[in-house]
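These are my notebook entries on a structure that I am opening for a new reader. I set down what I looked up, entry by entry.

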Number of protein chains: 2
Amino acid sequence: MLTIYGVYKSRATRTFWLAGELGLTFKQVPVIQARKLADPLAVDARINTRSPEFLAVNPMGAIPTIDDDGLKLTESLAINLYLAKKHGGPLSPKDLAEDALMIQWSFFAATEIELNALKISTANAEGRLGTDAGKAEADAVSRLLKRSFGVLEKQLSTHDYLVGNRFTVADLNVAEIVRYAQPYQPLMEEHPHVAAWLKRCQDRPAFKAMWLTRADEQE
Amino acid sequence: MLTIYGVYKSRATRTFWLAGELGLTFKQVPVIQARKLADPLAVDARINTRSPEFLAVNPMGAIPTIDDDGLKLTESLAINLYLAKKHGGPLSPKDLAEDALMIQWSFFAATEIELNALKISTANAEGRLGTDAGKAEADAVSRLLKRSFGVLEKQLSTHDYLVGNRFTVADLNVAEIVRYAQPYQPLMEEHPHVAAWLKRCQDRPAFKAMWLTRADEQE
């Protein structure tokens, strides 16, 4: 029995997408980020990341978290690497070298891209990318992303995917982080192979299904 | 043949320490961070992270990087997880659940602790922890680390180590990140189980040997 704690409008998208790719049956507990509640201390029907019953599952109070037959795991990218390996198939590593490269690319995205890409995502969500100030901010962030996007561009100019010439959990993990920067067109246009790879990943039925569910989710 | 690219005064400490734990023979190529050279564009006898010959190995220009019989790998924590699994023994996961937890704790440290802990390390290296302004800065950073250190403290109050009740690559990866915050005594005193665990890790002969080599390294 697999339980995924988290809502679709959170990093849990990564695990919901993967579960779709792998055809997994799971139970969702829609834990919402406490910061998204109007008043986290008020009584709310929804379990949130500071609810005692969720903190008993994950003391860090972070989503997604999974409980897979008693194994409690957090950190979205680690969860996905685990589920892919457990269930096997083309998304999972075929040997230790592929396993190492999938973990490497996941760390690369988390440590070299995520924080800056999130700034673009936030500017977009707050409607600032259409303003001069917002564009200037996104442009400054893009300069910070130049080196890491350059590495991805180089890799993807000679390979369709990051590891093993097929779509794997590494692509899924990295694509979900690069997606945060996707609203800033100039950055994507400067990295056409990254943009084309991201489109390949997002054209997958399991991504589209996740994205539709996400769009319908209550805020 | 294992080659480790990087100097000891860098994140490569993590891999040098692990190589010592595993008793691995390796060749070191002492690639230095370009930012540490007085003038990265000037002729310098040392290979640095912007040298063409190193960028050919790792386009990201980051250390450590390894070449293990042709497998080129970067991201220190991913390198360590790979080397531990390749060589087996008590530091490596005994099953997929332990593998998942070791990856989880490594992501946790990289994404929830490292950036803030590095601020303490920098303040210490620049001699600012002895000043009122430096103490105020470290105190503010400590508040940001309160949740993640609380998670470690909770785990380590009932377990001697993070995974499987023995010292593993997960402890090594996390200890090398927590070490950055070690100079700020109040933070460590508020988390006595973290402090005791860090001492247990650093009392290991392989850590001590790495630390001595590091101290002797040319700046």
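**A lysine and its surroundings**

I began with Lys94(B), whose side chain makes a polar contact with the side chain of Asp95(B) at 3.5 Å; a polar contact is a pair of N or O atoms within 3.5 Å, where within protein one must be able to donate a hydrogen and the other to accept it, and residues adjacent in sequence count only if both atoms are side-chain atoms. I note that this is a predicted model, in which local features need pLDDT of at least 70, side-chain atom pairs count only at pLDDT 80 or more, and totals for chains, interfaces and linings use all residues. Residues are numbered from 1 along each chain as its sequence is written, chains are lettered from A and ligands numbered from 1 in the order in which they are written, and side-chain values use heavy atoms, with hydrogens and water left out.

I then placed Lys94(B) in the loop between helix 3 (76-87) and helix 4 of chain B, helices being DSSP runs of H or I with at least four residues, numbered from the N terminus. Lys94(B) has a relative accessible area of 64% and is therefore exposed (over 50%, with a 1.4 Å probe and protein chains only).

**Along helix 4**

At the start of helix 4 of chain B, I found a side-chain oxygen of Asp95(B) within 3.3 Å of the backbone nitrogen of Ala97(B). Following helix 4 of chain B through residues 96-125, I recorded a bend of about 55° at Ile113(B), taken as the angle between axes fitted to the seven residues ending there and the seven starting there. Just after this helix, Gly127(B) has a positive phi of about 70°.

Definitions and conventions: Helix = DSSP H or I, 4+ residues; strand = E, 2+ residues; numbered from the N terminus. Buried < 20%, exposed > 50% of the residue type's maximum accessible area, 1.4 Å probe, protein only.
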